[in-house]
Amino acid sequence: MSEHNYEFMIGHIKYLHNDFNGAYGLFKKCEKYFLTQYYYRDLLLLYDDLYNMTKDISYKAKQNEIMNKNGRKNIVMIHC
């Protein structure tokens, strides 16, 4: 697995533990890589977490933009 995959998983864990500053920094490091690798399903979760942290509607717009694109899934995370 790449460093970005690790950062994404740790960022999501930080998000779940309300460490939004730590999560935000890690997510922003992953975003461009996931876009270039067509990891759209991971980006959907990443953008959802970013929206919930920041309430910035641009993340919802980005989610809607990639919602139906064909791409690869990289990491599968399940919300419990």
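An axis here is a line fitted to C-alpha atoms, for a helix over the stretch in contact, and the angle between two axes runs from 0 to 180 degrees between their N-to-C directions. With that in mind, open the structure, which is a predicted model, and begin by selecting helix α1, residues 3-16, together with helix α3, residues 40-54, whose axes come within 11 Å and cross at roughly 35°. Seen as a pair, α1 passes α3 in a left-handed crossing.

To see what fills this contact, show the side chains of Phe8, His12 and Tyr15 in α1, which meet Asp42, Leu45, Leu46, Asp49, Asn52 and Met53 in α3. Sorted by class, the residues of the contact of α1 with α3 are 5 nonpolar, 2 polar and 2 charged.

**The whole chain**

Now zoom out and colour by secondary structure: the protein has 4 helices and 0 strands, and from the N terminus on the elements follow one another as α-α-α-α. Of its 80 residues, 34% count as buried. If you list the contacts between residues at least 6 apart in sequence, 55% of them join residues at least 24 apart.

**From α3 to α4**

Keep α3 selected and add helix α4, residues 57-66, which packs against α3 with the axes 8 Å apart and at an angle of about 160°. Because angles over 145 degrees count as roughly antiparallel, α3 is described as roughly antiparallel to α4. Here too the crossing is left-handed, with α3 passing α4.

On the α3 side of this contact, select Tyr40, Leu43, Leu44, Tyr47, Asp48, Leu50, Tyr51 and Thr54, which meet Ile57, Tyr59, Lys60, Lys62, Gln63 and Ile66 in α4. The residues of the contact of α3 with α4 divide into 9 nonpolar, 2 polar and 3 charged.

**The nonpolar core**

Next, which residues of the largest nonpolar core touch the most other members? Within this core of 17 residues, they are Phe8, Phe27, Phe34, Leu43, Leu46, Tyr47 and Leu50. At least two residues of the core come from each of α1, α2 (20-36), α3 and α4, and the largest share, 8 residues, is supplied by α3.

Pause on Tyr47 and display what surrounds it: leaving aside neighbours within four places in sequence, Tyr47 is in contact with Glu31, Leu35, Tyr59, Lys62, Gln63 and Ile66.

**Lys14 and the two loops**

Return to α1 and pick Lys14, which is found in that helix. Is Lys14 buried, partly exposed or exposed? Its relative accessible area is 29%, so Lys14 is partly exposed, given that buried means under 20% and exposed over 50%. Not counting residues up to four places away in sequence, Lys14 touches Asp19, Gly22, Ala23 and Leu26. A distance drawn between the C-alpha atoms of Lys14 and Leu26, which lie 12 residues apart along the chain, comes to 9.3 Å.

The last two stops are in loops, and they concern backbone angles. Most residues other than glycine have a negative phi. Asn18, in the loop between α1 and α2, has a positive phi near 60° although it is a residue other than glycine. At 58% relative accessibility, Asn18 counts as exposed.

Finally, move to Lys55, in the loop between α3 and α4, where phi is again positive, at about 60°, in a residue that is not a glycine. With a relative accessibility of 52%, Lys55 counts as exposed.

Definitions and conventions: Residues numbered from 1 in each chain as written. Predicted model: local features only at pLDDT ≥ 70, side-chain atom pairs only at ≥ 80, totals over all residues. Heavy atoms only, no water. Left-handed = near helix turned anticlockwise from the far one by under 90°. Contact = heavy atoms within 4.5 Å. Nonpolar A, V, L, I, M, F, W, Y, C, P; charged D, E, K, R; others polar. Parallel < 35°, antiparallel > 145°, perpendicular 65-115°, else oblique. Core = buried A, V, L, I, M, F, W, Y, C linked by side-chain atoms within 4.5 Å. Buried < 20%, exposed > 50% of the residue type's maximum accessible area, 1.4 Å probe, protein only.
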